[in-house]
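This report looks at how a protein meets DNA. Please have the model open while reading.

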2 protein chains.
Amino acid sequence: MATADPERPGFLLPLLLLAGFRTLIDDLHAELAGQGHPDLRPVHGFVLQAVGVDGTTASELGQRLGVSKQAAGKTVDRLVALGYLERVDDPADARRKLVRMTEKGVDGLRRSAVLFDALRKRWAATLGEERVAAMEDDLRAVTPPNFFRLDVPGWFGG
Amino acid sequence: MATADPERPGFLLPLLLLAGFRTLIDDLHAELAGQGHPDLRPVHGFVLQAVGVDGTTASELGQRLGVSKQAAGKTVDRLVALGYLERVDDPADARRKLVRMTEKGVDGLRRSAVLFDALRKRWAATLGEERVAAMEDDLRAVTPPNFFRLDVPGWFGG
DNA sequence: CATGTTCGACAACCAGGTTTACGATTCCGA
DNA sequence: TCGGAATCGTAAACCTGGTTGTCGAACATG
């Protein structure tokens, strides 16, 4: 029950946010490993999500994820080695190399979307749908709108 | 406003949890850097918190943080180099080396506690105290109780 | 006293991030 | 049109934080 206690210390909130996040992510990847994707790490789901169905470039990916283009490029390297992404030359610009999901990448992203949805339903079964929805609304209200570059195309696109 | 929408996709929740956490942590360290602690990284606060006022050992610290004793030892090395922690021999057991906070470490931890509290009040001013308290209650309800080893002494002790 | 366990340390390695640099390509304005 | 500026991908060097494996020193116990 929510009690308005002014004595609640502030450090509980970040700790619980991190614990909630990691609980969700760890549960997801435990199930994902049993569905043919044992190599998918937590960060990879966000990367695949940011690549999107239309593909992107390493520089643009870095902007979406809020990291340097070099860091994005190295993560793309690993996901290419794992078979989740592929690089193709851009016929319109010889400097650019399009990063696209492979079939395996699409499969992994689709499965994680299904699992995330199931995990959210589990939270909703415990807390009630209204409480989960309220938590999402509240978190959205206190999060900078451009945090994960949710405004740029690619996120959840498709 | 919280609307009970069964069509809300599950992947929004982890993204918002992570964004909320990072928003809080980034805000904290931006202010902490201006108060004489520019070298404190996000993970350091949790380590100092886990060391506690009574001190601990590298092995025990690893258990509290859920990482290997080697990883805990390396992090202690860095915090010793930064002046936040110190190692002293345990007179009762020549194998053990007690890890204790220095004055600088106590100062950093005290300041972050004050800042976290202020940040929580900022959230409460935006959302209302009841909503923040409800979020904490809900997150606690869906988080494994031993996640950060909150049960062991050291966390928030003192 | 011999054996097993624990502690701290070291080495090697991996993932993910940074800054700096650079060649190749494209864009754009004088 | 052409030359400088900007962009793209890549590489190198480095840092942080994590892993596993090993090992000597120091306890604990039969």
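With 5 residues, α4(A) gives the most to the surface near DNA strand C. Near means that a heavy atom of the residue lies within 4 Å of the strand. Helices are DSSP runs of H or I with at least four residues, strands are runs of E with at least two, and both are numbered from the N terminus.

The model is predicted: local features need pLDDT of at least 70, side-chain atom pairs count only at pLDDT 80 or more, and totals for chains, interfaces and linings use all residues. Residues are numbered from 1 along each chain as its sequence is written, chains are lettered from A and ligands numbered from 1 in the order written, and side-chain values use heavy atoms, without hydrogens and water.

**DNA strand C**

DNA strand C is surrounded by 21 residues. The closest are A:Ser68, A:Gln70, A:Lys74, A:Arg95 and B:Arg95. Of the strand C atoms within 4 Å of the protein, 51% belong to sugar or phosphate; the rest belong to bases. The surface near strand C holds 5 nonpolar, 7 polar and 9 charged residues. Here Ala, Val, Leu, Ile, Met, Phe, Trp, Tyr, Cys and Pro count as nonpolar, Asp, Glu, Lys and Arg as charged, and the others, Gly among them, as polar.

**DNA strand D**

DNA strand D also has 21 residues around it. A:Gln70, B:Ser68, B:Gln70, B:Lys74 and B:Ala94 are the closest. Sugar and phosphate make up 54% of the strand D atoms that come within 4 Å of the protein. α4(B) gives the most to this surface, with 5 residues. At least two residues each come from α3 (58–65) and α4 of chain A, and from α2 (42–51) and α4 of chain B.

**Polar contacts**

The pairs below are N or O atoms within 3.5 Å.

| Protein atom | DNA atom | Distance |
|---|---|---|
| B:Ser59, side chain | strand C, phosphate oxygen | 3.0 Å |
| B:Gln70, side chain | strand C, base nitrogen | 3.3 Å |
| B:Lys97, backbone | strand C, phosphate oxygen | 3.0 Å |
| A:Ser59, side chain | strand D, phosphate oxygen | 3.0 Å |
| A:Lys97, backbone | strand D, phosphate oxygen | 3.0 Å |
| B:Asp93, side chain | strand D, phosphate oxygen | 3.4 Å |

**Chain A**

Chain A has 6 helices and 2 strands. Along the sequence they run α-α-α-α-β-β-α-α. Of its 158 residues, 49% are buried, meaning under 20% relative accessible area (1.4 Å probe, protein chains only).

Conventions: Buried < 20%, exposed > 50% of the residue type's maximum accessible area, 1.4 Å probe, protein only. Polar contact = N/O pair within 3.5 Å; in protein donor to acceptor, adjacent residues only side chain to side chain.
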